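Me: I've got this model open on my screen and I'd like a close look at one small part of it. Could you start there and then work outwards?

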Amino acid sequence: MIFSLFNKKPKQPSLELKVDIHSHLIPAIDDGSRSMAESLKLLRGMEQLGYEKVITTPHIMADTYINTPKIIKDGLDLLKIEAKKENINIEIECGAEYYLDDGFSDILRKGDLLTIGDKYILFETSYYARPIHLKDMIFEMLSLGYTPIMAHPERYRYIKEKKEYFKFKELGVMFQVNINSFAGQYGKDAKVKANFLNKNGCIDFLGSDIHNYKQVEKLELVMKSNVYKSIFKNNNIKNNDF
Ligand SMILES: [Fe+2]
């Protein structure tokens with residue numbers, strides 16, 4: 001009892017994720033939402049899950065999703081107008097999910113890219129083949145003053161040994177794990193790796209990676225689970241800093 005009088009109770013980690021940093025909500029510019037109506041439904045769902053802000057991140061991938069900052073910002077402006085008309089009370093910003101290909105190197109050199117906050121770059125790679133220049137591109141981002149965030153590190157099959165994750169962290173890469181990986185949405189391998197990253201305190205950010213409404217429903221299930229609570233106990237989740 002005396003102990004408790006002289007020692008402040010440690011602050012409880014917040015279980016409320018107010019900011020999402022990975023989703024595909026801008027209509028018809030990647031493999032996410034296909035229409036404005038669908039985007040509004042997804043946003044409404046996210047609002048009901050407790051999100052106050054979403055930084056949506058359309059794919060930028062040479063040959064497949066040839067998006068530019070202008071295309072994304074124009075799409076964002078339209079989405080914000082429609083969301084306001086629908087009284088959806090959620091702040092919407094944009095970044096991008098950059099696929100590490102030759103096109104990305106050009107973009108990085110030109111400096112015309114969409115960051116999360118002022119210096120964070122969300123990137124993804126092939127799920128199966130390790131990019132030959134992966135480390136070089138990570139160093140290039142860092143040397144230019146950016147902080148690379150690897151999107152869903154649990155999904156890459158080429159990461160065979162779990163200790164590889166620690167090597168990425170040592171290089172200065174931050175990790176954004178998909179919430180629905182804990183529900184097995186991306187298969188057993190991704191679920192096992194997500195649990196490993198959780199238990200080892202390697203998760204910096206959580207992402208919804210929403211492409212469609214089914215994923216919103218799955219998010220709700222994970223958010224009610226004990227494993228979700230454990231993520232906040234084991235890791236320093238930084239989403240709400242944005
Ligand atoms: Fe994504």
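Does Asn-87 count as buried or exposed, and how many C-beta neighbours does it have inside 10 Å?

Reply: Asn-87 counts as exposed, because it has 8 C-beta neighbours inside 10 Å. The cut-offs: buried is 20 or more other C-beta atoms within 10 Å of a residue's own, exposed is 12 or fewer, and partly exposed is in between, with C-beta atoms placed from the backbone.

A word on what you're looking at: this is a predicted model, where local features need pLDDT of at least 70, side-chain atom pairs count only at pLDDT 80 or more, and totals for chains, interfaces and linings use all residues. Residues are numbered from 1 along each chain as its sequence is written. The average pLDDT (the predictor's confidence in each residue, from 0 to 100) is 93 for the chain, and 94% of the residues score at least 70. The stretch to be wary of is residues 1–14, where pLDDT is below 50 and the model has three contacts beyond near neighbours in sequence. A contact here is two C-beta atoms, placed from the backbone, within 7 Å. Where pLDDT is low, the predicted coordinates should not be read in detail.

Back to your residue. Asn-87 lies in the loop between α3 and β4; helices (H or I, at least four residues) and strands (E, at least two) are DSSP runs, numbered from the N terminus. The phi of Asn-87 is near 60°, a positive value in a residue that isn't glycine. Asp-209 also has a positive phi without being a glycine, at about 50°, and it sits in the loop between β9 and α8. Asp-209 is buried, though, with 27 other C-beta atoms within 10 Å.

On one side of your loop is helix α3 (residues 69–85), which holds Lys-80. Lys-80 is partly exposed, with 16 other C-beta atoms within 10 Å. Lys-80 is also 54 residues from Ile-26 in sequence, yet their C-alphas are 9.9 Å apart in space.

On the other side comes strand β4 (residues 91–94), where Ile-92 and Cys-94 point to one face and are buried, while Glu-91 and Glu-93 point to the other and are not. That's the general habit: in a regular strand the side chains alternate between the two faces of the sheet. β4 belongs to an open sheet of three strands, in the order β1-β2-β4 with parallel pairing. Pairing means that DSSP finds at least two bridges between two strands. The edges of this sheet are β1 (19–20) and β4, each pairing on one side only. β4 runs parallel to β2 (residues 53–56), joined by four bridges. Along that seam Thr-56 is opposite Cys-94, and Ile-55 has Glu-93 as its bridge partner.

Now for the other sheet. It is open too, with six strands in the order β3-β5-β6-β7-β8-β9 and parallel pairing. Its edge strands are β3 (59–60) and β9 (205–207). Strand β6 is largely enclosed by the rest of the structure, since five of its five residues are buried. Tyr-120, Leu-122 and Glu-124 are on one side of β6, with Ile-121 and Phe-123 on the other.

How does β6 connect to its neighbours? β5 (residues 97–99) runs parallel to β6 over three bridges, with Tyr-98 opposite Phe-123. The chain gets from β5 to β6 through helix α4 (residues 102–110) in a right-handed β-α-β crossover. Right-handed means that, with the strands pointing away from the viewer, the path from the first strand over the helix to the second runs clockwise. β6, helix α5 (residues 134–143) and β7 make another right-handed unit. Four bridges join β6 to β7 in parallel, and Ile-121 stands opposite Pro-148 there.

Finally, the core: a nonpolar core is a set of buried Ala, Val, Leu, Ile, Met, Phe, Trp, Tyr and Cys residues joined through C-beta atoms within 7 Å. The largest one has 53 residues, and Tyr-98, Ile-121 and Leu-122 have the most contacts inside it. Strand β6 (residues 120–124) gives the most to this core, with four residues. Leaving out residues up to four places away in sequence, Leu-122 touches residues including Ile-21, Thr-57, Tyr-98, Ile-149 and Gln-176.
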